[in-house]
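Trainee: Please take me through one part of this structure at close range. I would like to start from a single residue and its surroundings, and then see how that part fits into the whole.

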Amino acid sequence: MKRKLFSVVFSAFFVTSVLISCKKEKPVSGEGDEVVTTKDGAQFMVDTLNSKVEWKGYKIFKSENTSHFGTIKFESGDVTVKDAKLESGKFVTDMTSLTSEDLKNNASQLEKLNGHLKSGDFFEVEKFPTASFEITKVTPSTEGDYNTVLDGNLTLKGITKPVQFKANVSIKEGVVSIATEPKDISREEFGVKFQSPVENGVIKDEITLQINVKALEKK
């Protein structure tokens with residue numbers, strides 16, 4: 001009887017020990033886990049009048065002089081600062097504001113190009129009027145010309161892909177300034193797959209994006 005009782009007690013103790021051990025050894029993070037920032041801190045709002053995305057597109061068989069560059073305005077955005085450091089941020093662009101700067105003195109060509117870029121051949125802005133970049137990780141950097149590395153999710157034409165930008169981040173007197181490096185992205189990864197006729201110059205897959213944000217502290 002004592003032997004049976006001892007066996008039952010020992011078995012229960014062993015099972016309990018295994019359960020506790022499993023709980024302690026469960027990894028905090030692992031493959032597939034997202035690194036997510038928080039909104040714990042001071043809130044800043046993007047100054048949409050003084051913030052923009054700069055873009056540049058290229059043709060393969062033409063010179064740089066026939067490439068185009070321009071801007072996209074922000075619709076909204078917010079930034080969180082904690083302990084005087086950038087904690088998180090999300091920026092939403094107004095794709096209907098997309099325009100070419102190199103053709104701004106040629107009204108007819110500007111209208112033609114802007115209409116083409118906004119059509120179903122490219123960014124299909126009627127169906128996808130906004131794009132966004134949401135920061136998922138902020139890493140200080142002491143190498144090169146940029147003081148911060150921003151990991152985040154870029155959403156364009158309803159497709160979301162992870163993108164990393166090097167950036168200079170400044171926080172001073174209630175203003176957050178973020179200026180990223182010029183970054184090449186693959187347009188085809190975001191469903192922008194238009195191929196122009198060869199006589200017009202085949203368009204390169206890469207589009208260069210550069211984000212410039214000014215955010216003001218909420219009062």
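Mentor: Let's start with Trp 55. Leaving out residues up to four places away in sequence, Trp 55 touches His 68, Phe 69, Gly 70, Thr 71, Ile 72, Leu 98, Thr 99, Ser 100, Leu 117, Thr 208 and Leu 209; touching, or contact, means heavy atoms within 4.5 Å. Before we go on, please keep in mind that this is a predicted model, in which local features need pLDDT of at least 70 and side-chain atom pairs count only at pLDDT 80 or more, while totals for chains, interfaces and linings use all residues. Residues are numbered from 1 along each chain as its sequence is written, and side-chain values use heavy atoms, with hydrogens and water left out.

Trp 55 sits in strand β2. Strands (E, at least two residues) and helices (H or I, at least four) are DSSP runs, numbered from the N terminus. With a relative accessibility of 10%, Trp 55 counts as buried; the cut-offs are under 20% relative accessible area for buried, over 50% for exposed, and partly exposed in between, with a 1.4 Å probe and protein chains only. One of its partners, Phe 69, is 14 residues away along the chain, and the two C-alpha atoms are separated by 5.5 Å. Another partner, Thr 99, has its backbone oxygen 3.3 Å from a polar atom of the Trp 55 side chain.

Leu 117, also on the contact list of Trp 55, leads us to helix α2. Leu 117 is one of the buried residues of α2, together with Leu 110, Leu 113 and Asn 114. Viewed down the helix axis, these buried residues fall within an arc of 100 degrees, so they line one face of α2; the arc is that of the directions from the axis to the C-beta atoms. On the other side of the helix, Ser 108, Glu 111 and Lys 112 are exposed. The cover over the buried residues includes β2 (52–59), β3 (68–82) and β4 (85–100). The helix itself covers residues 107–118, and its 12 residues should span 16 Å at 1.5 Å a residue, which agrees with the 16 Å between its end C-alpha atoms; the expected span is 1.5 Å times one less than the number of residues.

Now follow β3, where Thr 80 and Glu 75 make a useful pair to look at. Thr 80 lies in β3 and is buried, at 0% relative accessibility. Its side chain makes a polar contact of 3.3 Å with that of Gln 43. Such a contact is a pair of N or O atoms within 3.5 Å; within protein, one must be able to donate a hydrogen and the other to accept it, and residues adjacent in sequence count only if both atoms are side-chain atoms. Glu 75 is in β3 too, but is partly exposed, with a relative accessible area of 47%. Beyond its neighbours up to four places away in sequence, Glu 75 touches Thr 48, Val 92, Thr 93, Asp 94 and Thr 130.

Past the end of β3, Asp 83 lies in the loop between β3 and β4. Asp 83 counts as exposed at 66% relative accessibility, and its phi is near 55 degrees, a positive value in a residue other than glycine.

Finally, let's step back to the core and the whole chain. In soluble globular proteins, nonpolar side chains tend to be buried together. Here the largest nonpolar core has 40 residues, and Val 79, Phe 91, Met 95, Phe 123, Phe 133, Ile 178 and Val 213 touch the most other members. Such a core is a set of buried Ala, Val, Leu, Ile, Met, Phe, Trp, Tyr and Cys residues joined through side-chain atoms within 4.5 Å. Strand β10 (residues 203–217) gives the most to this core, with 6 residues. Apart from neighbours within four places in sequence, Val 213 is in contact with Val 46, Ser 51, Phe 74, Phe 91, Val 176, Ser 177 and Ile 178. Overall, the chain has 2 helices and 10 strands, running α-β-β-β-β-α-β-β-β-β-β-β from the N terminus. Of its 219 residues, 34% count as buried. Among contacts with a separation of 6 or more, 58% join residues 24 or more positions apart.
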